[in-house]
Amino acid sequence: MPFQFLLAAASVIAGAIAAVTGFGIGSLLTPVLALRTGTKIAVAAVAIPHFIGTAQRFWILRRHVDRRVLLGFGIASAIGGLAGALLHERVSGRALAVAFGCLLLLASISELTGWINHVRWGRLAGWVAGALSGLLGGLVGNQGGIRSASMLGFDVPKESFVATATAVGLFVDMARLPVYLILEGREVVRLWPLLVLSTLCVVIGTLVGTRLLRRIDERVFRRAVAILLFVLGLHMLLAGGTS
């Protein structure tokens, strides 16, 4: 029971954070579920509550999607997510985690210092960033951080930021989830009680977080995203260095 309570609490918090920032479900739930299942199975299993929570968030915020940004990120992210899922069983995550952490720290510091405000992403850079975020999502289940870090350079309003990041995340989930179920479906099905619990709590957290999004000032929102990126990047560096 203590683990179920921990998973439920993490799922509510993850859903709320993702509704406010556009990422966080995989980043929070994967290490929690990994305590019970190991990292590889956790990455595949968390894709289910991640997909449902992302779909719910997309439906709520669908009118705010920035199609210009989505076009560059969405297709490239889906391709990257499919490639990452196929490589999931074969690639060691240690070096990837360190590289991922460094990128997130750089993006966070750039936003906090104001440097990112002078960056304007071109179409090619958008496709590259989208493919990278999707690849990371398929490999290690943490796609949202690098995607949000890249999207800070597009200077879109907070509602469009979250809605577009959510739409891209949905593309990645639709590409990677079938691969996970084919490769690791038996192990994932055995976790159905935990996944039902986690999914319900993510849905609750998403409803709460969506209401909070409307009350957050634009500048505060961007700084909150930057701080979360810093924390996630530091965690990835420490995890990669000790694994």
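## Charge pairs and a greasy patch: worked exercises

Arg176 and Asp173 are both buried. Keep in mind that this is a predicted model.

**Exercise 1.** Work out how many salt bridges there are, and which residue pairs with Arg176.

*Solution.* Start with the rule: a Lys or Arg side-chain nitrogen has to sit within 4 Å of a carboxyl oxygen of Asp or Glu. By that rule you get 2 salt bridges. In one of them, Arg176 meets Asp173, with 2.9 Å from N to O. Now look at where they sit: the two residues are 3 apart in helix α8 (residues 158-189), so about one helical turn separates them.

**Exercise 2.** Find the salt-bridge partner of Glu159, then decide whether Lys158 is buried or exposed.

*Solution.* First, the partner: Glu159 bridges to Lys158, and their closest N and O atoms are 3.3 Å apart. Next, the cut-off: buried means under 20% relative accessible area. Lys158 has 8% relative accessibility, so Lys158 counts as buried. Glu159 comes in at 23%, so Glu159 counts as partly exposed.

**Exercise 3.** Say which element gives the most to the nonpolar surface patch, and classify Leu234 by its accessibility.

*Solution.* List the members first: Ile109, Leu112, Ile227, Phe230, Val231, Leu234 and Leu238 make a patch of about 600 Å². Then sort them by element: α5 (94-113) and α10 (218-242) are the ones that give two or more residues. Helix α10 gives the most, with 5 residues. Leu234 lies in that helix, α10. Finally, the relative accessible area of Leu234 is 40%, so Leu234 is partly exposed.

Methods
Residues numbered from 1 in each chain as written. Predicted model: local features only at pLDDT ≥ 70, side-chain atom pairs only at ≥ 80, totals over all residues. Heavy atoms only, no water. Buried < 20%, exposed > 50% of the residue type's maximum accessible area, 1.4 Å probe, protein only. Helix = DSSP H or I, 4+ residues; strand = E, 2+ residues; numbered from the N terminus. Patch = residues over 30% accessible without salt bridge, like charges linked within 9 Å, V, L, I, M, F, W, Y side chains within 5 Å. Areas by Shrake-Rupley, 256 points an atom, 1.4 Å probe, with all protein chains shown as cover.
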